[in-house]
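Here is a short guide for a reader who is new to this structure. Please keep the model in view while reading.

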Amino acid sequence: MLAASRFLSPPPLLTPSCPRRTVLFVRAAAQTLEAPEAPKPPRPAPRRSAVAEVKASPDPVAALTRFEDVLQTKDCNIILRHCGDTRRWDDLSKVFQWMQEREMTNAASYSSYFKYLGLSRDPARALQVYSAIQDRPMRVHVSVCNSVLGCLVKNGRFDSSFKLYDEMIREGLSPDPFTYSTLLSGCIKLKQGYTKALALINEMKSRGLQMDSVIYGTLLAICASHNYCQEAEAYFQKMKDEGHNPNLFHYSSLLNAYSENADYGKAELLMKDLRSSGLTPNKVMLTTLLKVYSKGGIFEKAKELLAELEASGFAQDEMPYCILIDGLVKGGKIQEGKTQFNEMKEKGVKSDGYAFSIMISALHRGGHHEESKQLAKEFEAENASYDLVMLNTSLRTYCSTDDMESVMRMLKKMDELNISPDNITFNTLIRYFCDAKVYHLAYKTIEDMHTKGHQLNEYSEPSRIVLHYGMSEHFPLLNEPLNQNNQHFIAENLYVVDKKNLYVFQELCSHVMVQLGKAGFPSEVFSVYNMLRYSKRTVRKSLHEKALGILVSAELLKDAYIVVKDNAELISPSSLEKFARSFMVSGNINLINDVMKALNRSGWRISQDIFGRAIQRYIRKPDKKHLLMCLLDWMTGQGYSVDSSTRNLLLKNAQLFGQKQLVAEILSKQQTASRTIGQRHKK
DNA sequence: CTAGGGTTAG
């Protein structure tokens, strides 16, 4: 600006409101007019033609090498970007490597390279290249950092983006607003994204950086995707108060927040507000409105709006159809969903798989397994593109029709496409192997899932049923009072109810445990039990009892003791009794007293029969006499006493231990104590 | 002629 004003008397163009680009243009014009002897020579022809030749070459590395002495770093950057823009990912990396070998890289090279690695879905390589940068100022260069973080976020690697960001900060990065909005955009699809976003925003503010319009847009999107509707409204208002005019991004995110709860009234008011502010709803805005109608079950309006979208040319991809079909099938109108799906296909709208996966799942959920499978096959015949969701959906439908060949085909595809299985994949397979009664295979799958770091649940992924009027007749449990978690346990299943949904979690792992027990794999039972115990989720009380029963029957008493030690209070007296009896007879003798203490700690009163068995064990092993004496002493302190036959047995054998006097004393103390304490505990 | 941020579907 100052430079420009040296050449020109300030024209009205150069007021602060004048766009920067115009200023630059004026400045450039001024330079050519007022300073025709501009010192900068144009790029020498050899360099320009070398760049052109390398760009056009089928083997850019060979071409680069030919012009090695002519080209400069910025020329190489042009070539690098050209490879990226033409999507030649292989050449891109080769060119970059060539540049690295000759130390012809600068911050721009790294920024561009990371950007294209993001586009080519290769975040692993970006991380690798970034961490190999030796030059510290380069590693904390804000544009290099932003582009590598953006590459991670774009590819769903949210956790690694936050981790890397922390490292960058430790190394001295000064983040800018772009850094924050890059990270914030990762929060949109993150489980605890809202909390994380607030922390980032606080941090940003503490660095003296201000919220801008885009960051507000991101924040609204985070609210919408996490169902923080009131917060979204508050931020929308706050940004207006701070002088940022909401644009279509802000409006559609707020509308999206309304769509989650199908808040039709608020959505209509917002559309009014948008029109009165002079904005015209675009394709995304109208598609989001369709979502409001569709989720709200207002299908007449939804269909009208879809027709409008079609007329405006806004329904060329499958998205709006998906929204309507999804709303229909989740609202119980599966046939109408099918009709819409067929109409979409007849109109020649191409599906990337979303519409197929909605229909395949819906038919599966509705019990139309054959029809569901046919659709999966139809998709397979017409499409090569699979992602994890589509693979899981197909896998599920093939499993439920026991089409083993197709199941294997899906698993092979997953392998070939380098797509890692997730919780849903594992659950589907475990259930399938269970239904096929190949329990050891189910176990192997559970083990595999655990080693791959997936959270193991007692219950499989839920199926969801959307509640609508009249449904309580068919689901009497909806009329029952809910416990504090809105949970019901009925038979083997867990039912969770929220505002609109009934989630049915079918038990899975405990079923596998029981079946493994029956099939003679008790160690595997204990292994599954431990995986469940150490998963972060709470497990159902009865799980401990089930595991204990299996372990006791299989005489794995040391493992059974581990179950009892931490969970005795959740186990029924009869199971404890069975365990205790077995343990006294054949458990590790050195653990007998510990077992007694654990049982007593749970509040369960140990029977005289159990003590009798323990004492018989000790009498047969005189070298454990100190343990026997400890037990007798401890019993006295807890108000326990032995029955008369055990008493006689002890007195008869007391000289074996050389403790005749002591034993008699303790037994008499016990009798006195049990007369006062013991009575209170009698059942 | 460096790079980088926000909206809709399973």
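## Helices α13 and α14

In this predicted model, helix α13 covers residues 193-206 and helix α14 covers residues 213-225. Their axes come within 9 Å and cross at roughly 155°. An angle over 145 degrees counts as roughly antiparallel, so that is how α13 lies relative to α14. The crossing of the two helices is left-handed.

Which residues of α13 and α14 make the contact? From α13 come Gly 193, Tyr 194 and Ala 197. From α14 come Leu 219, Ile 222 and Cys 223. Five residues of this contact are nonpolar, one is polar and none is charged.

## The surface near DNA strand B

Helix α14 has a further role in the picture: what does it give to the surface near DNA strand B? It gives eight residues, the most of any contributor. In total, 55 residues surround the strand. The closest are Ala 108, Ser 111, Ser 143, Gly 217 and Ser 252.

How do the residues of this surface divide by class? There are 21 nonpolar residues, 24 polar ones and ten charged ones.

## Repeats in the record

An unreviewed UniProt entry lists several spans as "repeat: PPR". They are residues 141-175, 176-211, 212-246, 247-281, 282-316, 317-351, 387-421 and 422-456.

Two of these spans can be described further. Residues 141-175 are 77% helix and 0% strand. The end C-alpha atoms of that span are 9 Å apart. Residues 282-316 are 74% helix and 0% strand. Here the end C-alpha atoms lie 14 Å apart.

## Helices α21 and α22

Further along the chain, helix α21 spans residues 334-346 and helix α22 spans residues 354-365. They pack at an angle of about 155°, and their axes are 11 Å apart. The two helices are therefore roughly antiparallel to each other. Is the crossing left-handed or right-handed? α21 passes α22 in a left-handed crossing.

On the α21 side, the contact holds Ile 334, Gly 337, Lys 338, Phe 341 and Met 344. These meet Ala 355, Met 359 and Ala 362 in α22. By class, the contact has six nonpolar residues, one polar and one charged.

## Helices α32 and α33

Helix α32 (residues 573-586) packs against helix α33 (residues 592-601). The angle is about 165°, and the axes are 10 Å apart. α32 and α33 are therefore roughly antiparallel to each other. Their crossing is left-handed.

Leu 576, Ala 580, Phe 583 and Met 584 of α32 take part in the contact. Ile 592, Val 595 and Leu 599 of α33 complete it. How many residues of this contact are nonpolar, polar or charged? Seven are nonpolar, with no polar and no charged residues.

Technical notes:
Residues are numbered from 1 along each chain as its sequence is written. Chains are lettered from A and ligands numbered from 1 in the order in which they are written. This is a predicted model: local features need pLDDT of at least 70, side-chain atom pairs count only at pLDDT 80 or more; totals for chains, interfaces and linings use all residues. UniProt positions are given in the numbering used here, feature names are shortened, and annotations may be inferred rather than shown by experiment. Helices (H or I, at least four residues) and strands (E, at least two) are DSSP runs, numbered from the N terminus. Axes are lines fitted to C-alpha atoms, for helices over the stretch in contact, and angles run from 0 to 180 degrees between N-to-C directions. Angles under 35 degrees count as roughly parallel, over 145 as roughly antiparallel, 65 to 115 as roughly perpendicular and the rest as oblique. A crossing is left-handed if the near helix is turned anticlockwise from the far one by less than a right angle, and right-handed if clockwise. Two residues are in contact if their C-beta atoms, placed from the backbone, lie within 7 Å. Ala, Val, Leu, Ile, Met, Phe, Trp, Tyr, Cys and Pro count as nonpolar, Asp, Glu, Lys and Arg as charged, and the others, Gly among them, as polar. A residue is near a molecule or strand if its C-beta atom, placed from the backbone, lies within 6 Å of it.
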